[in-house]
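Please look over the metal sites in the structure below. My points follow, numbered for reply.

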Amino acid sequence: MMRWKVAADARCAPTERLCAHVAHAAAGPPAEARGCDGCARAGTRWVHLRECLVCGYVGCCDTSPMGHARAHFTAHGHPLVRSAQPGERWAWCFHDEVLLVPS
Ligand SMILES: [Zn+2]
Ligand SMILES: [Zn+2]
Ligand SMILES: [Zn+2]
């Protein structure tokens with residue numbers, strides 16, 4: 001299981017901010033990125049994929065036209081996502097707007 005810690009703020013500057021959610025986030029090995037279900041249904045394209053650390057939902061990033069990962073946070077209140085891009089090891093808290101890295 002992978003544990004996470006706060007790394008920096010949105011501009012990658014060191015931060016004193018805390019994320020209360022990270023204590024509850026544990027993740028196994030990244031899932032093979034299957035694609036964004038929301039985009040598959042709507043017939044839209046995504047740029048990058050994010051995986052919810054609470055329930056495993058895969059949605060597209062803020063750069064993608066539909067932003068399904070953020071929409072999932074808004075709808076379900078699951079704040080933590082990690083990058084589902086191959087080779088990337090970081091996560092993000094939508095609520096606290098902090099970058100998380102493996103601890
Ligand atoms: Zn948080
Ligand atoms: Zn999408
Ligand atoms: Zn979720």
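**Notes on the two zinc sites**

1. His21 is partly exposed, at 23% relative accessibility (buried means under 20% relative accessible area, exposed over 50%, partly exposed in between; 1.4 Å probe, protein chains only). Cys19, in contrast, is buried, with a relative accessible area of 9%.

2. On the source: this is a predicted model, in which local features need pLDDT of at least 70 and side-chain atom pairs count only at pLDDT 80 or more, while totals for chains, interfaces and linings use all residues. Residues are numbered from 1 along each chain as its sequence is written, chains are lettered from A and ligands numbered from 1 in the order written, and side-chain values use heavy atoms, without hydrogens and water.

3. The zinc ion (ligand 1) has as protein donors Cys19 (SG), His21 (ND1), Cys93 (SG) and Asp96 (OD), 2.0 to 2.3 Å from it. Donors are N, O and S atoms within 2.8 Å of the metal (3.2 Å for Na, K and Ca); water is not among the atoms, so sites may look incomplete. The spacing of these donor residues is C-x1-H-x71-C-x2-D.

4. The ligand 1 site is tetrahedral, with angles of 106 to 116° among its four donor atoms (four donors count as tetrahedral if all angles lie between 85 and 135 degrees).

5. For the zinc ion (ligand 3), the protein donors are Cys52 (SG), Cys55 (SG), His72 (NE2) and His78 (ND1), at 2.0 to 2.3 Å. This site is also tetrahedral, with angles of 102 to 114°.

6. Cys55 is partly exposed at 45% relative accessibility, whereas His78 is buried at 19%.

Technical notes:
Tetrahedral: all angles 85-135°; square planar, octahedral: opposite > 155°, others 65-115°.
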